[in-house]
Amino acid sequence: MQKITKETYLKWYEDMLFWRKFEDKLAAVYIQQKVRGFLHLYNGQEAVLAGALHAMDLTKDKMITAYRNHVQPIGMGVDPRRVMAELYGKATGTSQGLGGSMHIFSKEHRFYGGHGIVGGQIPLGAGIAFGDKYHGSDAVTLCCFGDGAARQGSLHETFNLAMLWKLPVVFVCENNGYAMGTSVERTANHGEIWKLGKGYEMPCGPVDGMNPIKVAEAFDEAIQRARRGEGPTFLELKTYRYRGHSMSDAQHYRTKDEVEEYKKIDPITQVKDIILEKKYASEDAIKVIDKRVKDLVSECEKFAEESPFPDKNVMYDVVYEQEDYPFIQHKL
């Protein structure tokens, strides 16, 4: 893993702040009905992505995740303007506006979604890793899911085969405390999700998901293990989301005091405090970063607003290969 330096902290601060403000902007335009459907925001969980990206080799490693998936592709190199446009349903989006919030995708940057089916990405992540092993690549796949998806049967089938075939995959449970609105304690007889790996003799453990340093160290160990051909690891990243499961979540299952308590260990604040304490940057320099982030978010919004909607025929072009498919009625 690259050394964690002054530049690392400054990059973490700017990246995490941008991801936070990007999601805040999406929340605002969702209320204005410029973004439709479901919208699941990442606020509070930024340290997981920041630490993971630091440990990954972005020239070859891959990532697949669930539907809380707007900022991960940005971190992997996707133009944030195109991500914003996708959420607007615009032709300039990552999937020409046809995927929307839950289906951001970029083969170019090795980000494989964005999946709306709970746990559906878990076997797919192992499949991507299988492909790399089959073709002799030393790339590693990060397969991310929430605590709710850990209850899906597909996880156990995948864990079994991943260990049997020693696949180069890191399974990542981003445990933000609530599967939609149900706490972990109410869904299983155990509260430590990482222990599921023990049943398959898979290396596993808990990680402080609010601290990017701890996250980076844990991911580095797991990624290097996979790259050496020693198989998968299962990490439970204990994190927290400051917003609801989705924008339609009234959050009756938790108190405002609980949310405020977790905000005391906000990953962005933690990194900013280290920057100031170690004099990596002054308050004025921080303000410059803040302004740069604000301007980029505005640029993304402007790009999405001004982009055209896709032509209706595009919907047929990406579904039906056969041009004269007999069951299409062209009465639009």
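Here is a walk through this structure, from its overall build to a few of its charged residues. Keep in mind that the model is predicted.

Let's start with the whole chain. It has 11 helices and 7 strands. If you follow the C-alpha trace along its principal axes, it spans about 60 × 55 × 40 Å. A compact globule of 332 residues would have a radius of gyration near 20 Å, and the protein chain has 20 Å, so the two agree. As for what is tucked away, buried residues make up 49% of the 332 residues.

A good place to see burial is helix 2, which runs over residues 46-55. Here 10 of the 10 residues are buried, so the helix is largely enclosed by the rest of the structure. Among them are Glu46, Leu49, Ala50 and His54. Glu46 also turns up in a network of salt bridges, where it is linked with Arg20 and Asp266.

Now look over at helix 1, residues 6-31, where you'll find Glu23. Glu23 is buried, because its relative accessible area is 1% and the cut-off for buried is under 20%. From the C-alpha atom of Glu23 to that of Ala50 it is 15 Å, with the two positions 27 residues apart along the chain.

Salt bridges are worth a tour of their own, since the structure holds 21 of them. One pairs Asp138 with Lys60, with 2.8 Å between the closest N and O atoms. Asp138 sits in the loop between helix 5 and strand 2, while Lys60 sits in the loop between helix 2 and strand 1, so the pair ties together parts that are 78 residues apart in sequence. Asp138 is partly exposed at 35% relative accessible area, and Lys60 is partly exposed too, at 25%.

Another salt bridge stays within one helix: Glu260 and Lys263 meet at 3.7 Å, N to O. Both lie in helix 8 (residues 256-263), 3 residues apart, which is about one turn of the helix. Glu260 is partly exposed, with a relative accessible area of 44%, and Lys263 is partly exposed at 37%. Then there's the bridge between Asp249 and Arg241, at 4.0 Å from N to O; both of these residues are buried.

Finally, head out to the surface. Asp311, Asp317, Glu321, Glu323 and Asp324 gather there in a patch of negative charge. One of them, Asp317, belongs to helix 11, which covers residues 313-317. With 59% relative accessibility, Asp317 counts as exposed.

Key:
Residues numbered from 1 in each chain as written. Predicted model: local features only at pLDDT ≥ 70, side-chain atom pairs only at ≥ 80, totals over all residues. Heavy atoms only, no water. Patch = residues over 30% accessible without salt bridge, like charges linked within 9 Å, V, L, I, M, F, W, Y side chains within 5 Å. Areas by Shrake-Rupley, 256 points an atom, 1.4 Å probe, with all protein chains shown as cover. Salt bridge = Lys/Arg side-chain N within 4 Å of Asp/Glu carboxyl O. Lys, Arg positive; Asp, Glu negative; His and termini not counted. Charge placed at Lys NZ, Arg CZ, Asp CG, Glu CD. Helix = DSSP H or I, 4+ residues; strand = E, 2+ residues; numbered from the N terminus. Buried < 20%, exposed > 50% of the residue type's maximum accessible area, 1.4 Å probe, protein only. Rg over C-alpha atoms; globule rule 2.2 N^0.38 Å.
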